[in-house]
Every structure is written in C-alpha cells, then in structure tokens.
Amino acid sequence: MKKLLTMLTPLTLMGLAGVTPAQAAIVAGWNQFTTDGASYPKAADTVGTNITSTGLNTAGIRHLSSQFVGFNFALGGFGTASDGSTGSWNTGSTVNTNQYVEFAVQPGAGFQVDFTNLQLNAKHDDTQLDLVLRSSVDGFTNNLGTQVNLTTSFNTYSFDLSSLAPQTGPVQFRLYGLNADSSTVFFFGENSTNVAGGGFVALNGDITPTPTVSTPEPSGIVSLIAVGALGAASLRRRG
C-alpha cells in the first residue's frame with residue numbers, strides 16, 4: 001500500500017499542475033553560408049517542432065566574400081563589400097550595440113521555449129576578438145553566459161542560457177564583438193559535428209506546450225486530502 005501511495009502522489013500532483021514533461025531539442029540551427037550577397041534575415045536550416053519563425057541577421061559588420069578569405073561565413077575587415085556592407089569588428093572593450101550578429105526565433109502559439117544554450121563553432125584570424133551574447137528578453141542589457149575569447153583555431157563554444165525564463169514570444173539573441181586587435185581582424189564560422197544539427201551555430205532548449213494550471217473544485221481537494229489521510233492512517237495501523 002505504501003509503495004502504491006508513493007507512486008500515485010507525484011502523478012496526482014502532475015495532473016493538478018498541468019505539467020508536461022520536457023524534451024530537449026534543437027530550437028534552430030544555421031549551416032555556414034556565403035555571407036557576401038546572401039539574403040537576410042536568413043532562415044535556419046534546422047528548425048525545432050512548433051517553432052514558427054527564425055532568422056539570422058547582421059548589423060554594422062562587413063560581409064566577406066568566400067573567394068577572398070577562403071571561408072563561407074566570414075565577417076569583418078575594412079572597406080565596403082560587394083553587397084554594400086561595411087564595418088570592422090569593435091576594437092573597444094565595451095559593447096557597440098550597433099554592431100552584432102543576430103539569431104531570432106519564435107515559438108508557435110500555445111508553446112514555449114526553455115532555452116539551454118547557444119553553440120557556436122568559430123575562430124578569428126589575428127591576435128584577439130572576443131564575443132558576448134545578449135538577448136531581447138532584457139533589452140540586450142546583460143551578458144548571457146561568459147565572454148568567449150576566440151582563437152585562431154576552430155572551437156565550439158557554448159553560451160549558457162539557463163538564466164532565462166521560458167519564452168512564449170519572439171526572442172532575439174545578439175553576438176557582440178569587442179577587444180578586436182585591429183580593424184582588419186576576420187571572424188569565421190564553420191560547420192561542426194559538435195554543434196547540434198551539424199551547422200556552425202545552434203540554439204538549444206526544451207519546446208513544450210504552455211503550461212495551464214487548473215484549480216480543482218473545493219470538494220475535489222477535500223476528497224484528495226481525505227484519501228491521503230486514510231492511507232496514512234492505514235499505514236500507521238499496519239506499522
């Protein structure tokens with residue numbers, strides 16, 4: 001009897017709270033592409049179930065040609081690219097909010113995303129380029145996870161998103177560069193099996209129906225309390 005009550009109690013509580021067990025999944029992932037001349041915002045190549053909108057965009061950074069640098073997803077340098085983009089990476093130690101790479105996602109109606117992390121497989125070609133990640137949840141004010149210090153070798157970095165509450169509406173994540181060693185530093189992104197979905201960047205998390213909490217009728221609560229009390233009394237008598 002005690003074992004049966006132990007099994008029923010969490011199931012009963014889950015039913016009362018309307019809890020749906022979460023399943024980890026990729027929310028959106030982008031494969032490397034030629035930045036110079038691409039159409040923006042670029043939709044994700046891998047999209048999670050019940051995600052209705054995605055888009056990768058940039059602001060204030062030059063889109064490099066793969067013919068020039070030898071890599072598909074490449075940003076930075078100086079001058080004006082053939083698609084009209086301009087802008088070198090930020091050499092200052094504070095964020096320039098006018099220069100970023102953005103990843104936007106939106107869950108479908110009736111669903112929410114509990115983000116876990118953003119994965120990025122990237123490198124730079126010079127001495128220093130650091131990255132921080134922020135989101136629209138707080139108006140791009142605070143860093144998410146820790147600052148990343150890129151190297152001249154490709155590595156997969158992970159930004160921790162667990163501090164965010166589950167989101168039911170559109171969310172934009174923005175990577176900001178800082179501490180670039182010069183105005184000519186290049187940023188490269190490349191596909192990796194270490195990134196969920198096999199691309200160069202991925203947003204991961206749990207996609208679940210928006211919880212609905214139903215309040216039982218008072219008589220129902222009383223009945224549940226009574227059943228629990230009887231069960232406890234029975235266990236004491238048998239003990």
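The accessible surface of the chain in this predicted model comes to about 11,900 Å², and 53% of that area belongs to carbon and sulfur atoms. Buried residues make up 40% of the 239 residues. The chain is built from three helices and 12 strands. Looking at contacts with a separation of 6 or more, 76% of them join residues 24 or more positions apart.

Strand pairing comes next. One open sheet has five strands in the order β3-β5-β10-β7-β8, with antiparallel pairing. Strands β3 (51-59) and β8 (148-149) stand at the edges with a single partner strand each, so one side of each has no neighbour in the sheet. The pairing of β3 with β5 is antiparallel and runs over eight bridges; in it, Gly55 has Ala104 of β5 as its bridge partner. Elsewhere, β6 and β12 pair up, again in the antiparallel sense, over nine bridges. Here Gln112 stands opposite Thr208 in β12. Strand β12 covers residues 201-209, and eight of its nine residues are buried, so the rest of the structure largely encloses it.

Lys123 is a handy residue to look at in strand β6, which spans residues 111-124. With a relative accessibility of 15%, Lys123 counts as buried, because the cut-off for buried is under 20%. Leaving out residues up to four places away in sequence, Lys123 touches Phe71, Leu150, Thr151, Thr152, Ser153, Phe154, Phe186, Phe187 and Phe188. Take Leu150 from that list: Lys123 and Leu150 are 27 residues apart in sequence, yet their C-alpha atoms are 5.4 Å apart in space.

Now for the charged pairs. The count of salt bridges comes to two. One of them links Arg174 and Glu102, with the closest N and O atoms 2.7 Å apart. Arg174 lies in strand β10 (residues 171-178) and Glu102 in strand β5 (residues 100-107), so this pair ties together parts that are 72 residues apart in sequence. Both ends are tucked away from the surface by the accessibility figures: Arg174 counts as buried at 17%, and Glu102 counts as buried at 11%. The other salt bridge joins Asp45 to Lys42, where the closest N and O atoms are 3.8 Å apart. Asp45 is partly exposed, with a relative accessible area of 41%.

Arg134, in strand β7 (residues 130-135), tells another story. This residue is buried yet has no salt bridge. Its nearest side chain of opposite charge is that of Asp138, 7.3 Å away, and a salt bridge needs the nitrogen and the carboxyl oxygen to be within 4 Å, so Asp138 does not qualify. What does the side chain of Arg134 make a polar contact with? The partner is the side chain of Asn143, at 2.8 Å. The Arg134 side chain also reaches the backbone oxygen of Thr141 at 3.4 Å. Not counting residues up to four places away in sequence, the residues that Arg134 touches include Val95, Phe140, Leu144, Gln172, Phe173 and Tyr176. Arg174, already met in a salt bridge with Glu102, is also among the residues touched by Arg134.

A few spots in the backbone are worth a look too. In general, most residues other than glycine have a negative phi, and most peptide bonds are trans. The peptide bond from Tyr40 to Pro41, however, is cis, with omega near -5°. Pro41 lies in the loop between β1 (24-30) and β2 (46-47). Asn50 has a positive phi, near 70°, without being a glycine. This residue is found in the loop between β2 and β3, and Asn50 counts as partly exposed at 32% relative accessibility. Phe140 is not a glycine either, and its phi is positive at about 60°. Phe140 sits in the loop between β7 and β8. Is Phe140 buried or exposed? At 15% relative accessibility, Phe140 counts as buried, and Phe140 is also one of the residues that Arg134 touches.

Definitions and conventions: Residues numbered from 1 in each chain as written. Predicted model: local features only at pLDDT ≥ 70, side-chain atom pairs only at ≥ 80, totals over all residues. Heavy atoms only, no water. Buried < 20%, exposed > 50% of the residue type's maximum accessible area, 1.4 Å probe, protein only. Helix = DSSP H or I, 4+ residues; strand = E, 2+ residues; numbered from the N terminus. Contact = heavy atoms within 4.5 Å. Areas by Shrake-Rupley, 256 points an atom, 1.4 Å probe, with all protein chains shown as cover. Lys, Arg positive; Asp, Glu negative; His and termini not counted. Polar contact = N/O pair within 3.5 Å; in protein donor to acceptor, adjacent residues only side chain to side chain. Pairing = 2+ DSSP bridges.
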